[in-house]
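Here are a few friendly notes to read alongside the model. Please keep the 3D view open while you go through the points.

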Amino acid sequence: MIIPKKAKTLINIIEDAGYEAFAVGGCVRDFIMHRPCDDIDITTSAKPYEVEKVLIDNQIRFIETGLKHGTVTVLFDNDSFEVTTYRTDGTYNDSRHPENVAFVSDIKEDLSRRDFTINALAYNSDTGFVDLFGGRDDIDKKIIRAVGNPDKRFKEDALRIMRAIRFASVLSFDIEPITKKALFDNKDLLKNISAERIYTELSKLLLGDNVFNVLCEYKEILGVVIPELKPIFNIPQNTKWHIYNVWEHTAKAVEQSPKDLALRYAMLLHDIGKAYTKTTDENGTDHFKGHQKVSADYSDIALKRLKTPNEIFNRVMAVVPIHDMHIGTDRKKIKKWLSKLGEDTLRDLIAVKRSDKLAQNPEMTAQELENLLVTEKELDSIINDGEPFTVKDLAINGYDLISLGYTGKEIGDILMLILDKVISGELDNNKEVILSYLQK
Ligand code: ATP
Ligand code: MG
């Protein structure tokens, strides 16, 4: 196996000082699978102060990131590496992070504390692989299997439940049956896990290639971390637009959306309101009138509980309540939408609508998908041509109106009126034209 040159150099430097050192964990898994990996972790027999001494002796910079956990972040030629001393995790409280860790001298103990066999691999070029639990075999077979007794491992740290289904989504692996059973048996322990840790894993899960299958198969686990989803798990939708029930449609819409986290959360949450708004007419057709607003109310609660970063929160909340609005392909109408939502939100809305359609009955959606392409093209051309769609784009501003004698709230109102006329083509966006119109 080939590991990046800098990691190899760093490992050699630690070895030359008389210690063991290996690349370990996710990066070894990713190297074997030829997947890109951003963070290379190194595990070593050297104690943290010994690691620091080696680094100082070799004039390599570092930050004491997690000395308590034995981790030093090494800054090496514009790259950073986490170097962690072999350790076991101390006692666990409430299925959470261990309170204290113990440094050990044998890599076996360090690999045993890791969550899954595919993540319990170590490698360096002198020794080759250290693979005590059949991790390479499981990578070959595309299987996620807990290291040791799965039930015990999930009770120690329930975040591993989310991690298992996250890896199933990202790597498109199956979960080994005994590990799978333990996931479901222990799912409620996820309530003890901090929102931040859940959010990190859930976000990676949502961006995975296998997200549709994982959302369908492991919905009961999702229901523990986002209980707001539970009511839509089993709602049929008898309408010509749909071929899936609400949850399968949701999962499909997530899968069909761009790999952009805000859009993936938007699709995950966009139809929650259907649980509260369903009616069936005399022909047996289901309707979900007003579900978008209800979805938005529950999205707000769910995203806040997950401590979603503002940037993602705001984008999701901008589109969920309007995801069924008709944008149309008319240039003037698109400019009105632009003036109302701004470019970024309008683009998000188009993406949401497309993902939603792609998760509906394909016999019904061809025209609308075509229209969305036209909408997008028109939008691009409005932006490229620099056509005005906000009051800021107008050839006049508030000061011009003050000179004409307008005051207070009038100014904003008139600017909006002028914008309306410019968008609809009644007025040219030209200062003299607008001023002479106003003087009349
Ligand atoms: P990613 O590609 O997302 O970084 P990763 O497997 O590297 O995936 P990290 O969170 O970076 O995941 O953790 C690095 C390694 O630490 C894992 O491969 C695993 O060996 C170990 N690990 C991480 N979290 C846990 C945990 N909760 N329980 C046991 N071992 C863990
Ligand atoms: Mg990692």
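**Notes on the ligand site and an aromatic pair**

1. In this predicted model, ligand 1 has 16 residues around it, and those that come nearest are Arg29, Asp157, Arg160, Arg166 and Lys204. A residue is near a molecule if one of its heavy atoms lies within 4 Å of it.

2. Now look at the polar contacts (pairs of N or O atoms within 3.5 Å). The side chain of Arg29 has an N or O atom 2.8 Å from an oxygen atom of ligand 1. For the side chain of Arg114, the distance to an oxygen atom of ligand 1 is 3.1 Å. Asp157 has a side-chain N or O atom 2.9 Å from a nitrogen atom of ligand 1.

3. On its own, ligand 1 has 590 Å² of accessible area, and the protein covers 79% of that. Such areas come from the Shrake-Rupley method with a 1.4 Å probe.

4. Which elements give two or more residues to the shell around ligand 1? They are helix H2 (26–32) and helix H7 (159–171). H7 provides the largest share, four residues. Helices here are DSSP runs (H or I) of at least four residues, numbered from the N terminus.

5. The shell around ligand 1 holds twelve charged residues, three polar and one nonpolar. Asp, Glu, Lys and Arg count as charged.

6. Elsewhere, try finding Phe212 and Tyr244, an aromatic pair that is tilted, with 6.4 Å centre to centre and 55° between the planes. Rings pair if their centres lie within 6.5 Å; planes under 30 degrees apart count as stacked, over 60 as edge-to-face and the rest as tilted. Phe212 is in helix H10 and Tyr244 in the loop between helix H11 and helix H12, 32 residues apart.

7. A word on conventions: residues are numbered from 1 along each chain, and ligands are numbered from 1 in the order in which they are written. Local features need pLDDT of at least 70, side-chain atom pairs count only at pLDDT 80 or more, and side-chain values use heavy atoms.

How values were computed
Polar contact = N/O pair within 3.5 Å; in protein donor to acceptor, adjacent residues only side chain to side chain. Phe/Tyr/Trp six-rings, centres within 6.5 Å; stacked < 30°, edge-to-face > 60°.
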